[in-house]
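Visitor: Could you please take me through one part of this structure closely, starting from a single contact and working outward to whatever surrounds it?

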Amino acid sequence: MPKVNPIPGRQFGVPVFKPSARNIKKTCPNPLAAVTASQISVLDPTGARTRLFAKDNPECARVGDILLVRQRTGDPFAGVCINIRRRGTDTAILLRGQLTRVGVEMWYKIYSPLVEGIEVVQRAAKRARRARLTYMRTVKHDRGSVENVVRMYLRQKAALGTTGGQKKGAGAAAAMMGGKKKGKGKKR
């Protein structure tokens, strides 16, 4: 057999590359958390939604609160928060409200680009002693329609936006309340 003269860095005419001395665990100890943090910074640049649903924030949204979700498409939806599913960028909330006297539950991803804003309309009177308020589906515990609570919240919000006796965005507030105009009633 002919003796093969080994050339350093080559084996059978094929270049052999030594692995770099860098250890991936030193450069990025937790890659999943790094990717999640970068995605959240892209989806929520101000950090408002992250603070609204952070557990360490004392003013965070909790189960039992009435939330109003504004979407880019369609009408805003308000309901009682039954469940908060915290999963990083996949964080979602389950709201229960009423549409045409029928109980409706809707899941919303809080970092979705279709969700324009999430507002806390009314906080729960007491802290809920459950993580998920699925018992609110029963007739005994159902809150019913939260439309009146949301309407009062929008009125107060519109009133606070006034300066010098002139209402700012009175047409916008009327449009949010369904376009109803307040008048003296029928003339007889």
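Guide: The backbone nitrogen of Arg62 lies 2.9 Å from a polar atom of the Asp65 side chain. This is a polar contact, that is, a pair of N or O atoms within 3.5 Å; within protein, one must be able to donate a hydrogen and the other to accept it, and residues adjacent in sequence count only if both atoms are side-chain atoms. The model is predicted, so local features need pLDDT of at least 70 and side-chain atom pairs count only at pLDDT 80 or more, while totals for chains, interfaces and linings use all residues. Residues are numbered from 1 along each chain as its sequence is written, and side-chain values use heavy atoms, with hydrogens and water left out.

Asp65 belongs to the loop between helix H3 (48-52) and strand E3; helices (H or I, at least four residues) and strands (E, at least two) are DSSP runs, numbered from the N terminus. With a relative accessible area of 3%, Asp65 is buried: the term means under 20%, with exposed over 50% and partly exposed in between, using a 1.4 Å probe and protein chains only. Leaving aside neighbours within four places in sequence, the residues in contact with Asp65 include Cys60, Gly79, Val80, Cys81 and Val120, where contact means heavy atoms within 4.5 Å. Cys81, one of these, is itself buried, at 0% relative accessible area.

From this loop one passes into the sheet. Its 5 strands form an open sheet in the order E6-E5-E4-E3-E7, with antiparallel pairing; two strands pair if DSSP finds at least two bridges between them. E6 and E7 are the edge strands, each pairing on one side only. From one strand to the next, the twist averages 40 degrees. H4 packs on this sheet and touches E3, E4 and E7, its direction making about 100 degrees with that of E7. Such axes are lines fitted to C-alpha atoms, for helices over the stretch in contact, and angles run from 0 to 180 degrees between N-to-C directions.

E4 deserves attention here. Because 8 of its 9 residues are buried, E4 is largely enclosed by the rest of the structure. With E3 it pairs over 4 bridges in the antiparallel sense; Leu67 has Gly79 as its bridge partner, and Leu68 has Ala78. These two strands form a hairpin with 5 residues between them, and Gly74 in the turn has a positive phi of about 90 degrees. E4 and E5 pair over 5 bridges, again antiparallel, and Asn83 is partnered by Leu94 in E5.

The strands also help to build the largest nonpolar core, which has 33 residues; Phe53, Leu67, Ile93, Leu95 and Val150 have the most contacts inside it. Such a core is a set of buried Ala, Val, Leu, Ile, Met, Phe, Trp, Tyr and Cys residues joined through side-chain atoms within 4.5 Å. E4 gives the largest share, 6 residues. Leaving aside neighbours within four places in sequence, Val150 is in contact with Ile66, Leu68, Ala78 and Val121.
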